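User: I would like to practise reading helix packing and cysteine pairs. Can we work through one example together?

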Amino acid sequence: MDARDGADDRESALAAAHEAALEWLRSLDERPVWPRVGLDEMLEVFGGPLPEHSTDATAVVRQLADGAGPGLVGIPGGRFFGFVIGATLPAALAADWLVSAWDQNSGSAMLTPTTVALERVAGQWMLDLFGLPAGASVGFVTGGQLANFACLLTARNAVLARAGWDLAEQGLHDAPRVRFVVGADRHGSIDRAARFLGIGRAEWTVVEADDQGRMLASGLERALDAGEGPAIVCLQAGEVHTGAFDDFGALIPVAHRHGAWVHVDGAFGLWAATSPRLRHLTAGMAAADSWATDAHKTLNVPYDCGMAIIRDPADSIAAFRTGGDYLVYTGLDPWDVTPELSRRARGVPAWAALRSLGRAGVAELVERLHANARAMAEGLGAIDGVRVLNDVDYTQVMFRLADDAATRALGAAILAEGTAVVTGAEWRGRAALRCSMSSWATTPADVDRTLAAVRSLVG
């Protein structure tokens, strides 16, 4: 293939992809939200021996689009309420296409100033919206899991340094033990991040929580009084089942009095700070030392786009900056604040989403998600036999039937029926169903259609 043929192939393949993408998006309102087939069927569609010879690029794109449909989830539509997954705003979707077409390695401002500038501006806008320190570092990672990991890795490095231990030079062997303090209802990504860092469950201190999953300040005080030495305290903005927020105004001063680093897992909850009506949920949050969030949730940008935010960029640099006589540094580069060197410009869609919405639009989006959650909770609570389990202070609704078997059966029936997606969970040892309002595309009509489907299945 010569260069001219390659250019023609690009145009034809992109045109086919554009047509298929529009067809997919147009189908969302009527197609079942949950897949109609499983993994084995999709392996059958796309598997088999690797062909011996090349295939036309446009034909490959069409084959991909034609075969994919039955195994896709209607996440971009208005009735996907599973896990905590947003749809994609139009500006963010289009920007993501440009990111792929530009094909920039966005680890260094020297290598690609355009995308690094876009990410830096997006980060500054977020800090402003969240009410966090303007000088903090913002590293774009794959999602909430890696955001928590990057923040906690930085935290471990920093608290050991304060204790006189140079982790980069001396390693972990014989290092002071770091006390890792978490709430009883933390998200599993905190557990995984601790495992990645070599902090075992036997080393954790678990602090009790209230009935909505908020860490108790009295429990944190007792936990920190019981030991000494370097400590990391993990709080959360938005418990994944209930949507509850820890009381940062009470908890962070306790942690700081004991010399602890405070990290806030706010994968979807940090965005409450952007709304004048909901900002009270995050009161005191800005006093922490690091924060993790995820733009593919509440901001509705494409996968993948998490953010690791560190109050003092010097702590980020100490944790992540590497050597190498071929690397050129230009101040605070993206590779100074995350584990990656080479990566795509995942922060550009976040810039596009924020630029398209503006400050008022971000607040309106968050408040609309909350209003949809309240409407869903009110409608579910009016269905005979359905009990809403949480205070709907934010975007999460958790509900159940009278017994676990019936609750799980209802969850399976909702997925099979196809109108909407909610996902199962366990809360305080009992089966529950969880509805997360995360999509800009959800309308009151989507809420009504979902309630009608649940009503028919319960009845």
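Analyst: We will take a helix pair, then the cysteines. Keep in mind that this is a predicted model.

User: At what angle do helices α6 and α8 pack, and how far apart are their axes?

Analyst: Helix α6 spans residues 144-162 and helix α8 spans residues 188-196. They pack at an angle of about 50°, with axes 9 Å apart. That angle makes α6 oblique to α8, because it falls outside the parallel, antiparallel and perpendicular ranges.

User: Is the crossing of α6 and α8 left-handed or right-handed?

Analyst: α6 passes α8 in a right-handed crossing.

User: Which residues meet in this contact?

Analyst: From α6 come Q145, N148, F149 and L152. From α8 come S189, I190, R192, A193 and F196. By class, the contact residues are five nonpolar, three polar and one charged.

User: Now the cysteines. How many disulfides does the structure hold?

Analyst: Start with the general idea. A disulfide is a covalent bond between the sulfur atoms of two cysteines. The structure holds zero disulfides.

User: Why is there no bond for C151?

Analyst: Check the distance against the cut-off. A pair counts when the sulfur atoms are within 2.5 Å. For C151, the closest cysteine sulfur is in C234, 9.8 Å away, so it is too far for a bond. Seen from C234, the closest cysteine sulfur is that of C151, also at 9.8 Å.

User: Are C151 and C234 buried or exposed?

Analyst: C151 is buried, with a relative accessible area of 0%. C234 also counts as buried, at 5% relative accessibility.

Notes. Residues are numbered from 1 along each chain as its sequence is written. This is a predicted model: local features need pLDDT of at least 70, side-chain atom pairs count only at pLDDT 80 or more; totals for chains, interfaces and linings use all residues. Side-chain values use heavy atoms; hydrogens and water are left out. Axes are lines fitted to C-alpha atoms, for helices over the stretch in contact, and angles run from 0 to 180 degrees between N-to-C directions. Helices (H or I, at least four residues) and strands (E, at least two) are DSSP runs, numbered from the N terminus. Angles under 35 degrees count as roughly parallel, over 145 as roughly antiparallel, 65 to 115 as roughly perpendicular and the rest as oblique. A crossing is left-handed if the near helix is turned anticlockwise from the far one by less than a right angle, and right-handed if clockwise. Contact means heavy atoms within 4.5 Å. Ala, Val, Leu, Ile, Met, Phe, Trp, Tyr, Cys and Pro count as nonpolar, Asp, Glu, Lys and Arg as charged, and the others, Gly among them, as polar. Buried means under 20% relative accessible area, exposed over 50%, partly exposed in between (1.4 Å probe, protein chains only).
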